[in-house]
Amino acid sequence: MTTTESGVRTAGATPSVADLLASSGPRPARPTASSTALSFGWRALLKIKHVPEQLFDVTMFPIMFTLMFTFLFGGALAGSTGAYIQFLLPGILVQTVVMITMYTGMTLNRDIEKGVFDRFRSLPMWRPAPLVGALLGDVVRYTLASTIVLALGFALGFRPAGGLLGMVVAVGLLLVFSFCVSWVWTMFALMMRSETAVMSVSMLVLFPLTFASNIFVDPATMPGWLQAFVEVNPVSHLVTTLRSVSDNAVDTHALMWTGIWSAGLLAIFGPITMRLYNRK
């Protein structure tokens, strides 16, 4: 079909590209960086919807850790579980969320192995969007884990001096730190050949950071060489910050170091991850 000067379509040659473009209307606007990242964040949440077993680590593990450490060590370390939960809960909150950040790298490595990210990289969009979106989706998982720990803590008798507002601020700081830490595992996901390898390396890093810290006991009871490590441990700074915020007496020194660690992790591992992603 062709179009005459009078606008009547007649049988003939195939319409030209210009005719097809003119009849298709205006081209849609190119997606922005934020909208693309949010789309990939929504994709991460949809994966949880279709595979709800992924929520096992953010539901059962927080409950198990909180109950186990409270009732195993509470009487021995603080005289009662009620007294120990006041000290433990901010620390167990940090341990729970920081430990599950490694699943970010495992999920990313699984997508890479399936070839999904090759397709994403070919799309005309903001290059970091798939990575940032996946991390934003994981922030929802971190929030869920934090909510479970806090709800269980309040049920066990945790009563922060800073009230609910103080704990909301504390969780916000924890989510920012966890988002920055997640970039470390995305780097490993792009370097390792399997998600099992990513998990192994992540556990090798996370176990010393979480257990050799001030989460469970006062560092003053530790040997001098271990105290030196605990005092520079970023997890210890974060735990101290959350404890002070929940007690309505902010430790500015610990807060400063938490900010420095968060910014440093993002500034170092973010560019490294993107360089590996672009060369993958």
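Is Glu195 buried, partly exposed or exposed? With a relative accessibility of 25%, Glu195 falls in the partly exposed class. That residue comes back in point 4; first, some context on what we're looking at.

1. **Confidence.** This is a predicted model, so let's start with the pLDDT numbers. The mean over the protein is 84, and 88% of the residues reach at least 70. Among the elements, helix H11 (residues 234-246) has the highest mean at 95, while strand E1 (residues 2-3) has the lowest at 48. Residues 5-9 stay under 50, and the model gives that stretch six contacts beyond four places in sequence. I'd go easy on those, since predicted coordinates should not be read in detail where pLDDT is low.

2. **Overall layout.** The protein has two strands and 12 helices. Along the sequence the pattern runs β-β-α-α-α-α-α-α-α-α-α-α-α-α. Of the 280 residues, 42% are buried. Taking contacts with a separation of 6 or more, 73% are between residues 24 or more positions apart.

3. **Surface.** The accessible surface adds up to about 14,400 Å², and carbon and sulfur atoms account for 70% of that. There's a nonpolar patch of about 450 Å² built from Phe56, Met60, Ile63, Leu67 and Phe71. One of these, Leu67, sits in helix H3 (residues 56-78) and is partly exposed, at 32% relative accessible area.

4. **Salt bridges.** The structure holds two of them. In one, Glu195 pairs with Arg110, with the closest N and O atoms 2.9 Å apart. Glu195 belongs to helix H9 (residues 195-211) and Arg110 to helix H5, so this pair ties together parts 85 residues apart in sequence. Arg110, like its partner, is partly exposed: Arg110 has 28% relative accessible area and Glu195 has 25%. The other bridge joins Arg141 to Asp138, where the closest N and O atoms are 3.3 Å apart. Those two are three residues apart in helix H7 (residues 129-156), which puts about one helical turn between them. Arg141 is buried at 6%, and Asp138 is buried at 9%.

5. **Thr104.** This residue lies in helix H5 (residues 102-114) and counts as buried, at 3% relative accessibility. Leaving out residues up to four places away in sequence, Thr104 touches Leu135, Asp138, Tyr142, Ser182 and Thr186. Asp138 is also the acid in the salt bridge with Arg141. With Tyr142, Thr104 makes a side-chain polar contact of 3.0 Å. Another pair to look at is Thr104 and Trp183: their C-alpha atoms are 8.6 Å apart, with 79 residues of sequence separation.

6. **Helix H3, two residues.** What is the burial state of Thr70? Thr70, in helix H3, has a relative accessible area of just 1% and so is buried, the cut-off being under 20%. Beyond four places in sequence, its contacts are Thr81, Tyr84, Ile85, Leu88 and Leu156. Phe61 is in helix H3 too, but at 27% relative accessibility Phe61 counts as partly exposed. Setting aside residues up to four places away, Phe61 touches Phe56 and Tyr103; Phe56 is also one of the patch residues from point 3. The C-alpha atoms of Phe61 and Val149 are 9.6 Å apart, and the two residues are 88 apart along the chain.

How values were computed. Residues are numbered from 1 along each chain as its sequence is written. This is a predicted model: local features need pLDDT of at least 70, side-chain atom pairs count only at pLDDT 80 or more; totals for chains, interfaces and linings use all residues. Side-chain values use heavy atoms; hydrogens and water are left out. Helices (H or I, at least four residues) and strands (E, at least two) are DSSP runs, numbered from the N terminus. Buried means under 20% relative accessible area, exposed over 50%, partly exposed in between (1.4 Å probe, protein chains only). Contact means heavy atoms within 4.5 Å. A polar contact is a pair of N or O atoms within 3.5 Å; within protein, one must be able to donate a hydrogen and the other to accept it, and residues adjacent in sequence count only if both atoms are side-chain atoms. Patches are made of residues with over 30% relative accessible area and no salt bridge: like charges are joined within 9 Å, nonpolar side chains (Val, Leu, Ile, Met, Phe, Trp, Tyr) within 5 Å. Accessible areas come from the Shrake-Rupley method with a 1.4 Å probe; for residues, only the protein chains shown count as cover. A salt bridge is a side-chain nitrogen of Lys or Arg within 4 Å of a carboxyl oxygen of Asp or Glu. pLDDT is the predictor's confidence in each residue, from 0 to 100.
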